[in-house]
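Here is a short report on a two-chain model. Look at the fold, then at how the parts touch.

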Amino acid sequence: MRGVRDGPNVTARPGLDAESTLWVEQLRPGHPRRDQALARLREVLLRVAIHELSRRRSQLGSVAGPEFEDLAQQAADDALLAILAKLDDFQGLSRFTTWAYKFVIFEVSGKVARHAWRRQPPSADELRLDRRPDLLAARPGDRLEQREQLEALADAIGALSERQREVFVAIALNDVPIDVLAIALGSNRNAIYKNLFDARRRLRASLAEAGHPVAREDVPAS
Amino acid sequence: MTDPRHLDDLLRALDGDAGCTAGEDILDAYVDLELAGKDAAREFPGTAIHLQTCPGCQADHDGLLEAARRFGDAAPD
């Protein structure tokens, strides 16, 4: 995974559509309609923020009313600042609105994670393998080979580096949201994902070495 | 847990995964290709793979896809 870049396989870049062109032109300093364009963009960013916060409501606990509205306003404001700061970076690989909405989604994502972390930070138990989670417990109907595979997996988890183990246990076994864990560990999503990726690779290899390989499903790219 | 498919999901780390940062840069282009009915995974294979296994980027992708679908037509007044 390290160092992999992703980019279009084709070099042709679509020209800007008419609406995207209007947005970019009118948002530039000095344009006579800039104030109106800023107000209009702020309005749609707020709509997107409210929608996205509603979509992630399960992570917001009891947040409602003015507090919910305040979160949406903050996300829209922060996104607008980021958009204006990066306006020259917009390359037209998407519609302007999709590009702009990406900033709101990222703002909402970060604010929801920070809120969830303050409301319910991951417990120490969710990062440690002291107590074997139910997920790793053998069931009465399991065949001997399956029970041995679980034992091998538990041993392999124990042999991970401390960071890999706490990331794998928290995310894969205890469903701690990746962004909440990143905040709790003073890290960021990309670094935590790398820890998770490396842990999964190492666990899979350890199981294979122990004679209990995991059948690899053929997953087509969606 | 001992269902082989479940274990494979739990330990999934696919070759060609572009990671979170690469996807952040092109997520808008990826989503617009999807909305246009085009093959976003062919254009951005590393991100398509990444979105299968990163819950944070999956959530961002799903949110952006929905926002672009619902509010994508907004234009300046």
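Two residues are in contact if their C-beta atoms, placed from the backbone, lie within 7 Å. Keep that cut-off in mind for the counts below. The model is predicted.

**Domains of chain A**

The domain assignment splits chain A into domain 1 (18-119) and domain 2 (124-209). Their C-alpha centres lie 35 Å apart. Where do they touch? Seven residues of domain 1 of chain A are in contact with five residues of domain 2 of chain A. On the domain 1 side, these residues comprise three nonpolar, three polar and one charged.

**Fold of chain A**

Chain A has eight helices and zero strands. Read from the N terminus, its elements run α-α-α-α-α-α-α-α. Of its 222 residues, 35% count as buried. Take the contacts in chain A with a separation of 6 or more: residues 24 or more positions apart account for 72% of them.

Helix 4 of chain A deserves its own look. This helix has 24 residues. From first C-alpha to last, helix 4 reaches 35 Å, close to the 34 Å expected at 1.5 Å a residue. Is helix 4 of chain A largely enclosed or left open by the rest of the structure? Helix 4 is largely enclosed, because 17 of its 24 residues are buried. A residue counts as buried here if 20 or more other C-beta atoms lie within 10 Å of its own.

**Contact with chain B**

Across the chains, 58 residues of chain A are in contact with 52 residues of chain B. Six helices of chain A each supply at least two residues of the side that touches chain B: helix 1 (18-27), helix 2 (34-55), helix 4 (96-119), helix 5 (144-158), helix 7 (178-184) and helix 8 (189-209). The table shows how the residues on that side of chain A divide.

| Class on the chain A side | Residues |
|---|---|
| Nonpolar | 26 residues |
| Polar | 12 residues |
| Charged | 20 residues |

**Confidence**

The mean pLDDT of chain A is 87. Of its residues, 85% reach 70 or more. Among the elements of chain A, helix 2 has the highest mean pLDDT, 98, and helix 5 the lowest, 86.

Which stretches fall below 50? Over residues 8-13 of chain A the pLDDT is below 50, and this stretch has eight contacts in the model beyond near neighbours in sequence. Residues 218-222 of chain A also have pLDDT below 50, with nine contacts beyond near neighbours in sequence.

Definitions and conventions: Residues are numbered from 1 along each chain as its sequence is written. Chains are lettered from A and ligands numbered from 1 in the order in which they are written. This is a predicted model: local features need pLDDT of at least 70, side-chain atom pairs count only at pLDDT 80 or more; totals for chains, interfaces and linings use all residues. Helices (H or I, at least four residues) and strands (E, at least two) are DSSP runs, numbered from the N terminus. Ala, Val, Leu, Ile, Met, Phe, Trp, Tyr, Cys and Pro count as nonpolar, Asp, Glu, Lys and Arg as charged, and the others, Gly among them, as polar. Domain bounds come from an automatic or database domain assignment. The expected span of a helix is 1.5 Å times one less than its number of residues. A residue is buried if 20 or more other C-beta atoms lie within 10 Å of its own, exposed if 12 or fewer, and partly exposed in between; C-beta atoms are placed from the backbone. pLDDT is the predictor's confidence in each residue, from 0 to 100.
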